[in-house]
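User: I would like to go through this structure and ask what justifies each term. Please set the values against the definitions.

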Amino acid sequence: TDHYEGHDYYNIDELLTEDHLLARDAVRAWVKQEVSPIIEHYSNKAACPTHLFKGLAEIGAFGPSIPAKYGGGGMDEIAYGIIMQELERGDSGVRSMASVQGSLVMFPIYRFGSEEQRMKYLPKLGSGEFIGCFGLTEPDHGSDPSSMVTNIKDDGDAYILNGAKMWITNSPLADIAVVWAKDEEGIIRGLIVEKDMPGFSAPEIHGKWSLRASITGELVFDNVRVPKANVLPNVKGLKGPLSCLSKARYGIAWGAIGAALDCYDSALRYSKERVQFGKPIGGFQLTQKKLAEMITEITKAQLLAWRLGNLANNEKATPAQISMAKRNNVHMALEIAREARQIHGGMGITNEYPVMRHMMNLETVLTYEGTHDIHLLITGMDVTGLNAFS
Ligand code: TGC
Ligand code: FAD
């Protein structure tokens with residue numbers, strides 16, 4: 001049974017509006033009812049619970065801060081963050097389903113698309129009728145996407161797309177892919193590729209020990225003819241995909257807190273129930289040190305996310321500030337998962353408890369959307385003014 005009630009050591013709820021709390025409670029209830037009872041099973045068999053897409057749409061998890069007219073939730077950035085937190089409390093893979101759909105597919109079409117593209121795709125994406133994916137990473141170009149080789153060549157009223165993308169969340173299921181490719185001048189452009197375009201395939205990647213309830217695949221383009229009407233007209237260059245990443249990284253900074261809270265919650269309960277040497281293990285100083293440090297780190301991460309949310313609401317959150325929060329909060333969550341695993345002893349490695357699943361998931365979260373070290377270098381560049389990448 002899922003007893004989770006959240007933890008709020010610094011009364012951060014007082015900083016939230018009634019709308020934020022309503023959104024939080026609704027998603028929390030949905031996760032308890034729809035995700036917790038099934039997630040270990042799906043993760044165990046490495047299958048994506050695709051039936052959750054409709055429910056995610058119904059609770060407003062797709063593009064919470066995109067205007068309602070364009071298929072989003074019309075809420076603010078803190079509501080978006082808190083929804084991601086509650087989803088990732090359930091599972092990072094379920095949060096990924098929402099991050100990709102909202103921040104990496106709906107957001108670029110909303111921000112950089114034509115009005116026709118917006119009306120054609122956004123309502124269907126918002127309602128979960130269409131599933132989208134986002135193709136930036138390539139087999140040979142991960143942290144350095146500006147070196148991508150996927151390309152388009154002019155062919156009258158269309159472009160001919162060639163190349164391949166790797167590690168693409170939801171690609172085997174997707175109806176459309178937002179794909180980033182270089183034109184003949186080497187300028188990065190965004191294209192909406194539809195699943196039935198000849199020459200386009202999206203094979204699944206198997207064998208993941210992490211994010212097992214999320215489906216991941218490739219995107220392969222073999223002379224795919226993409227109409228020029230499918231090019232995102234309002235952005236050129238790497239800042240197109242990077243601004244989508246800023247939006248998604250912001251959500252992950254909140255999401256990771258959810259995974260950390262679930263691990264802490266499980267460890268705290270277990271430490272009060274599990275008796276060794278004649279007393280609950282929570283009564284030993286070493287266990288208390290772990291728990292005290294966990295709630296301290298969670299509280300710091302909550303405050304970081306809340307402040308970042310306020311900056312984002314005023315369009316003042318810089319990419320480097322978002323990098324700091326993504327990096328700090330994901331690392332915090334992974335460390336907490338590892339400590340929580342120890343508190344559960346041998347039971348911690350089983351799927352009786354959510355901890356090992358979160359820990360394995362967080363290894364991906366530490367790497368995707370910019371690795372732990374890439375975000376450190378972004379902060380380093382921001383504070384020194386010196387670029388360590390090249
Ligand atoms: P650089 O010269 O620094 O920047 C190029 C242009 O982009 C602008 N920019 C940004 N704009 C918006 N948001 C950001 N975060 C931005 N960062 C940079 C920048 O101002 C510049 O604009 P302009 O007008 O001057 O052209 O580019 P660089 O080639 O040196 O690269 C910088 C670096 C290394 C930080 C960047 O490439 C990077 O972030 N690499 C990490 C790659 C990454 O995060 N990949 C993620 C793939 S998607 C994914 O993982 C989805 S997982 C989904 C899920 O399942 O949840
Ligand atoms: P690399 O870039 O090869 O990095 C390997 C190591 O080298 C890392 O530790 C890195 O930090 C380090 N490194 C690289 N450059 C430097 C440097 N300059 N200085 C110091 N260290 C450096 N991508 C998408 O486009 N769309 C998706 O939907 C998507 N979903 C994903 C889902 C999963 C499950 C996973 C695992 C990945 C997903 N990704 C997606 C890809 C993800 O964004 C990349 O894995 C990530 O950006 C890192 O790229 P890479 O794996 O090629 O590692």
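Analyst: The model is a predicted one. One definition comes at the start: two strands count as paired if DSSP finds at least two bridges between them.

User: What makes strand E2 and strand E3 a pair?

Analyst: Strand E2 (residues 151-155) and strand E3 (residues 158-169) share five bridges, in the antiparallel sense. The definition asks for at least two bridges, so E2 and E3 count as a pair.

User: Which residue in E3 is the bridge partner of Asp155?

Analyst: The bridge partner of Asp155 is Ala158. E2 and E3 form a hairpin, with two residues between them. In the turn, Gly156 has a positive phi of about 75°.

User: Why are Ser96 and Lys239 said to be near ligand 1?

Analyst: A residue is near a molecule if its C-beta atom, placed from the backbone, lies within 6 Å of it. For ligand 1, 23 residues surround the molecule, and Ser96 and Lys239 are among the closest. Helices H4 (92-112), H6 (239-273) and H10 (372-384) each give two or more residues to this shell. H6 has the largest share, five residues.

User: How does the shell around ligand 1 divide into nonpolar, polar and charged residues?

Analyst: The shell around ligand 1 holds 11 nonpolar, 10 polar and two charged residues.

User: What surrounds ligand 2?

Analyst: There are 21 residues around ligand 2, and those that come nearest include Leu136, Gly142 and Thr371. Strand E1 (132-135), E3, helix H9 (355-367) and H10 each give two or more residues to the shell. The shell around ligand 2 divides into 10 nonpolar, nine polar and two charged residues. Gly counts as polar, so Gly142, one of the nearest residues, belongs to the polar group.

How values were computed:
Residues are numbered from 1 along each chain as its sequence is written. Chains are lettered from A and ligands numbered from 1 in the order in which they are written. This is a predicted model: local features need pLDDT of at least 70, side-chain atom pairs count only at pLDDT 80 or more; totals for chains, interfaces and linings use all residues. Helices (H or I, at least four residues) and strands (E, at least two) are DSSP runs, numbered from the N terminus.
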